[in-house]
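Me: I am new to this structure and should like to learn how its terms are justified. Kindly set each description against its definition.

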Amino acid sequence: MPPLRTALRTAPAAIALAGLAAGLTACADAGADVPPGRTSVVASFYPMAWLAGKVGGDDVFVRTLTRPGTEPHDLELTARQVANVQDADYTVYVKGVQPAVDDAVRKHAKGGSLDAASLVPKLPPPGETDDEEAHDGVRHREASYDPHIWLDPSRMATVATALGERLAAADPGRAAGYRERARSTARALTGLDRELQDGLRSCARREIVTAHAAFGYLADRYRLRQIPVAGVDPSGEPSPKRLAGLARLVSSTGATTVFTETLASSKVAGSLAREAGVRTAVLDPAEGVADGASGDYMAIMRENLRTLRPALECS
């Protein structure tokens, strides 16, 4: 059998997503040695690592570039992390989320990487507003689309299925395990999609006011309307003019809640909530988890459903 790196690079549209054992949050040390017999995979950030772990199981060893508790959009890579990208059997990422990763992949992993966004239909980027700070054209300059594909479980199921086939083709000795884990993961994600559809089918309102424009795929899939305070980058801060306009919009829609996030500052969203006279609640974009926290993508999305239902007065 040829070396795994060669097999992966010659397989059509090869793919691998880096993982977390048993689907739990983990981040392998950048300098840790790859255990013998394991496929070395680098994942850009949490949702890609979770998916790879579910499909790859114990056959993969994962290094996650974005450490727990770190906002992924702001990631800067160390020299060691760039070397990890170069040395890995495969690197998986979502182009447009992290420019530093995009750059490292372009320069160092051209034959051993896959942009997960290339596997699924994509939405256009958030619309322009009169506030240039409401969307981050600099950080996401390479993406002509909204890169937050993982907020739709049905798209994640598509990636899981493709991942199983690519790993099976690249590593035929363990093909059965990859395919079975891929089928199991896709079934679970399809079930999660049904839960969200059922839970959000009948609601008094359909507008979600979010800290930044991370939830376009969630909104599109479940017939919601996203009203972002900032653009794709949560570090962007809207002007006073836009904040006042958002407060009027919140009032006009009858929204009861402004949704903040787990890893980004809630200062601006909190200011909007106070001005509009509504409450705040946490809606998790599933971009990462707090340092020391446990859980997985499925649990995060189910918690989001539990948060959305009362806010939208769903029956």
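**Helices, strands and their terms**

Reply: Just after helix 9, Gly277 takes a positive phi of about 70°. This is a predicted model, in which local features need pLDDT of at least 70, side-chain atom pairs count only at pLDDT 80 or more, and totals for chains, interfaces and linings use all residues. Residues are numbered from 1 along each chain as its sequence is written, and side-chain values use heavy atoms, with hydrogens and water left out.

Me: What makes a stretch such as helix 9 a numbered helix?

Reply: Helices (H or I, at least four residues) and strands (E, at least two) are DSSP runs, numbered from the N terminus. Helix 9 spans residues 267-276.

Me: Which residues of helix 9 are called buried, and what does the word require?

Reply: Buried means under 20% relative accessible area, against over 50% for exposed and partly exposed in between (1.4 Å probe, protein chains only). Val268, Ala269, Gly270, Leu272, Ala273 and Ala276 are the buried residues of helix 9. They pack against strand 5, helix 8 (240-253), strand 7 and strand 8 (279-282).

Me: Why are helix 5 and helix 6 called roughly antiparallel?

Reply: The axes of helix 5 (residues 153-170) and helix 6 (residues 175-199) come within 8 Å and cross at roughly 175°. Axes are lines fitted to C-alpha atoms, for helices over the stretch in contact, and angles run from 0 to 180 degrees between N-to-C directions. Angles under 35 degrees count as roughly parallel, over 145 as roughly antiparallel, 65 to 115 as roughly perpendicular and the rest as oblique. Helix 5 and helix 6 are therefore roughly antiparallel.

Me: How is helix 6 oriented to helix 10?

Reply: Their axes come within 10 Å and cross at roughly 5°, helix 10 being residues 297-312. Helix 6 is therefore roughly parallel to helix 10. Leu192 and Leu196 are among the helix 6 residues that meet helix 10, where Met301 and Leu305 are among the partners; contact means heavy atoms within 4.5 Å.

Me: How do you know that strand 5 and strand 6 pair?

Reply: Two strands pair if DSSP finds at least two bridges between them. Strand 5 (residues 207-210) and strand 6 (residues 225-228) have four bridges, in the parallel sense. Val209 stands opposite Ile227 in strand 6.

Me: Which strand stands opposite Thr210?

Reply: Thr210 faces Phe259 in strand 7. Strand 5 and strand 7 (residues 257-260) pair in the parallel sense over two bridges.
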